[in-house]
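Visitor: Could you take me through a single part of this model up close? I would like to follow the salt bridges.

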Amino acid sequence: MATMTAEDLTPDTAELLLEVVDARKTFPGVVALDNVQFKVRPGTVHALMGENGAGKSTLMKIIAGIYIPDQGEVRLHGKTLTLNGPLDALEAGIAMIHQELNLMPFMTIAENIWIRREPLNAIGLVDHHRMHQMTEALFERLGIDMNPETEVRHLTVAGRQMIEIAKAVSYESDVLIMDEPTSALTDREVEHLFRIINDLRAQGKGIIYITHKMDEVFEIADDISVFRDGQFIHSAPASELDSDAIIQLMVGREVSQMFPKEEVPIGEVVLSVDNLGLEGVFEDISFEVRAGEILGIAGLMGSGRTNVAETLFGVTPPTAGTIAIDGQETVISSPHQAMLRGLALLTEDRKETGLFLNLSVIENMEMAVLRDGYTRGTFVQQGRLDHECDTMNELLRVKTPSLDERIGNLSGGNQQKVLIGRWLMTKPRILILDEPTRGIDVGAKAEIHKLISKLAGEGVAVIMISSELPEVLGMSDRIMVMHEGKVTGFLDRAEANQVNIMELASSPVEPPVVEE
């Protein structure tokens, strides 16, 4: 396949909506972007692909005015922009939906959407009634069913994602950047988002779409650009590429098996849950997980998947039912008790419930094991701990200048790897993974899947929650499907497919037939 330059994609500069020329950006110890080119045509969706650390988010932050490039320029409608901050980009007509959500939890949906643009009444105060009406009109246009007066803290991750999307659309920008917009969305919600994108495309907007999900790229993208190690590699119309070609361009090697599930002996029951309930959230949840088994949990937004995981880990004690480990009933009323019993939980939202963004990579990775096995008296055995963190860092291939780097400076995918490393260092017997590959590139996904399979082979009981059905189907021995807080069915690996999972995920439990 012949390599194309960015100029080959759109030879007539006058037809371009957005152009980035010779952009370079460095951070301490890292060349994040190395003289890259990027072009977007009006009325198109341009997918930007690359591994974590390839420079995608850095480029988008330059376009959105968050970073100032060391050299190079951004042009909109052929005119060079001077972007000294995000407000400059918004005023120019560029909006960005960030991978890491930036909403204010104790403010309402309407207040989050219109912040700094609130309508004022005759005496200069915020007109809340008018703001409510504006939000309802925006939601009607986008097909979003939410109460504008709901505080954001009460929304799920997926709900917050939809608010970020609505907020970006509300600016009526010419260029809309979407960085992993579907990472928290179910298939049905993705279809909803794509309808919004198609409407924007029809209006002549340019959409820059960053994702690691190949099926999405070929469904929504007109053009595709690939970056690797901070450099522009290739651009082409989506019709001229396939998944294998993109993966090779991204990683410089073939990724032959995305779901390296190995058949391993299934052992005794490690965890059993009987009629577990959390009032108003879920009820009558019963299942078992055996040593070496990977139990997938699937369901739509609001099904209660994450709530069950958090209850098992002691974040929220159950209001009904029992939990048993190795056949012995146990009470888990806190995460610390869960860890003492051999459980580990990789949470759904790394920013809200996982990371300490101002601490270093090594401080984040060692957080769960400082009190267990790495202390002598009141002193931490830092040398031994550093060695273990180095080993885990190499195993997961975290891209960071050093373990002392502030974790907030890493890409979202590399932050996720650090969190996975944190919990693997606890050597869990029961590993609960809630969206384990969210924000992870295709090469790293295969590595994470291989690691999950390896852990199962070592006898770890794995519970894996994922919104990506191919991941659930590819990695699970059994799949438990939930709908609105109840289990609607179990599927063995051999019988499971996307159709029967979605049927169970969309349907309430049928009440038993009572014979008279």
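Guide: Happy to; here is a walk along the salt bridges, pair by pair. This is a predicted model, where local features need pLDDT of at least 70 and side-chain atom pairs count only at pLDDT 80 or more, while totals for chains, interfaces and linings use all residues. Residues are numbered from 1 along each chain as its sequence is written, and side-chain values use heavy atoms, with hydrogens and water left out.

The structure holds 16 salt bridges, each being a side-chain nitrogen of Lys or Arg within 4 Å of a carboxyl oxygen of Asp or Glu. One of them joins Glu19 to Lys39, with the closest N and O atoms 3.9 Å apart. Glu19 belongs to strand β1 (residues 18-27) and Lys39 to strand β2 (residues 30-40), so this pair ties together parts that are 20 residues apart in sequence. Strands here are DSSP runs (E, at least two residues), numbered from the N terminus. Glu19 and Lys39 are both buried, meaning under 20% relative accessible area, against over 50% for exposed and in between for partly exposed (1.4 Å probe, protein chains only). Glu19 and Lys39 are also linked with Glu73 and Arg75 in a network of salt bridges.

Another pair is Glu216 with Lys213, whose closest N and O atoms are 3.8 Å apart. Glu216 and Lys213 are buried.

Now look at Lys454 and Glu458, a salt bridge with its closest N and O atoms 2.7 Å apart. Lys454 is partly exposed, at a relative accessible area of 47%, and Glu458 counts as exposed because its relative accessibility is 51%.

How values were computed:
Helices (H or I, at least four residues) and strands (E, at least two) are DSSP runs, numbered from the N terminus.
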